[in-house]
Protein chains: 2
Amino acid sequence: MRIGKVAEGAGVSVRALRYYEEQGLVIADRSPSGHRQYPESAVERVKFIQLLYSAGLSSKAILQVLPFLDTLVATPRMTQRLKDERDRIRTQIDDLTRARDRLDELIGLATESAISPATCSASVDAAT
Amino acid sequence: MRIGKVAEGAGVSVRALRYYEEQGLVIADRSPSGHRQYPESAVERVKFIQLLYSAGLSSKAILQVLPFLDTLVATPRMTQRLKDERDRIRTQIDDLTRARDRLDELIGLATESAISPATCSASVDAAT
DNA sequence: CTTGATCCTCACGTTGACGTGAGGTTTTAG
DNA sequence: CTAAAACCTCACGTCAACGTGAGGATCAAG
């Protein structure tokens, strides 16, 4: 597979794939002419990388976790990193949940005050 | 209240408070000598701003929803913005939850392979 | 053989929320 | 009164994950 197809399949840009290689996250063979050659599995791998990025992991953090996908052997260091990141994600979920609840409150108040057409006409009626 | 106390109370840097003012998120009076003067309520306000930042809102987005806190009057535009951001946070929570679950899987596999001391000695026993 | 699509390697540009001095004034504790 | 602490305004630095040309080679189709 060439880079364009992988990009399309994984839903990322070609530039992103080159960047991932630069970071050591994806390894690509080269054709004699220098074009990158990816195995089919690269698409899934990149999707997983994207998942971790969207979860807020840095390239370095991903780099420390990815080898496990390949070898299925975890050093204590890798296991710890996995747990650390999971815990970080947990607290971030909690933060987001709090923020969402606060926004829900505000939206409640906002839509309440938005009934003002009726409320307003009522008070206008009362005023007249 | 002066800037240092607000920073301490809200758990942010002095620089951050100046930045918030620059963005129009916090308004501060000035003493005759030019020092910023905040009302007590500034601490809670800044905490709320931090909550929104940590939820991924940009300064501009915060600027569009904050007036509601002051006036308790929401324009349709503000209400829509509130809903948009809440929905964005919802999907982000979903993304994070998926990522957390994937990591939990991996941690499961990792700790499983980490029982290898016993497993290993067992297989060593079997091998001998 | 040619041309348009795809690929390559530099290498600088972008964005947001601050960090970090530089150089100077004001406040406060003793 | 004096020194340290706190404050002020510029204004440049940072960091990560790419975006965006520049300038050129390679590939697939007709």
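Which elements of chain A and chain B each supply at least two residues of the surface near DNA strand D? In this predicted model, they are α2 of chain A together with α1 (3–10) and α2 of chain B. Both protein chains thus appear in the answer, and the account below takes the two DNA strands in turn before passing to the contact between the chains.

The surroundings of DNA strand D comprise 21 residues, of which Ser13(A), Ser33(A), Ser59(A), Gly4(B) and Arg36(B) come nearest. Four residues, the largest share of this surface, come from α2(A). By class, the surface near DNA strand D consists of six nonpolar, eight polar and seven charged residues. On the side of the nucleic acid, sugar or phosphate accounts for 78% of the atoms of DNA strand D within 4 Å of the protein, and bases account for the rest.

Individual atom pairs add detail to this picture. In chain A, a polar side-chain atom of Ser33(A) is 2.8 Å from a phosphate oxygen of DNA strand D, and an N or O atom in the side chain of Tyr20(A) is 3.0 Å from a phosphate oxygen of that strand. Chain B contributes Arg2(B), with a polar side-chain atom 3.4 Å from a sugar or linking oxygen of DNA strand D.

DNA strand C is surrounded by 21 residues, and those that come nearest are Gly4(A), Arg18(A), Arg36(A), Ser13(B) and Ser59(B). A polar backbone atom of Gly4(A) lies 2.7 Å from a phosphate oxygen of DNA strand C. From chain B, the side chain of Tyr20(B) places an N or O atom 3.0 Å from a phosphate oxygen of the strand, while the side chain of Arg2(B) has an N or O atom 3.1 Å from a sugar or linking oxygen. Two or more residues of the surface near DNA strand C come from each of α1 (3–10) and α2 (14–22) of chain A and α2 (14–22) of chain B. Of these elements, α2(B) gives the largest share, four residues. The residues of this surface divide into six nonpolar, eight polar and seven charged. Of the atoms of DNA strand C within 4 Å of the protein, 78% are in sugar or phosphate and the rest are in bases.

How are chain A and chain B related to each other? Chain A superposes on chain B, with an RMSD of 0.1 Å, after a rotation of 180 degrees with 0.0 Å of shift along the axis. The two copies are therefore related as by a two-fold rotation axis. Within chain A, Ile93(A) has the C-alpha nearest this axis, at 3.0 Å. The same surface serves both copies, since 100% of the contact residues of chain A recur in chain B.

Across the interface, 33 residues of chain A are in contact with 33 residues of chain B. The area buried between the two chains is about 3100 Å², with 80% given by carbon and sulfur atoms. Leu96(A), Leu103(A) and Ile107(A) supply 19% of the area that chain A buries against chain B, more than any other three residues.

The polar component includes two salt bridges between chain A and chain B. Arg86(A) forms a salt bridge with Asp104(B), in which the closest N and O atoms are 2.9 Å apart. On the side of chain A that touches chain B, α3 (42–54), α4 (59–71) and α5 (76–113) each give two or more residues. The largest share, 24 residues, comes from α5(A). By class, this side of chain A has 18 nonpolar, six polar and nine charged residues.

Methods
Residues numbered from 1 in each chain as written. Chains lettered and ligands numbered in written order. Predicted model: local features only at pLDDT ≥ 70, side-chain atom pairs only at ≥ 80, totals over all residues. Heavy atoms only, no water. Near = heavy atom within 4 Å. Polar contact = N/O pair within 3.5 Å; in protein donor to acceptor, adjacent residues only side chain to side chain. Nonpolar A, V, L, I, M, F, W, Y, C, P; charged D, E, K, R; others polar. Least-squares fit on C-alpha atoms with pLDDT ≥ 70 in both. Contact = heavy atoms within 4.5 Å. Buried area = accessible area lost by both parts, 1.4 Å probe. Salt bridge = Lys/Arg side-chain N within 4 Å of Asp/Glu carboxyl O.
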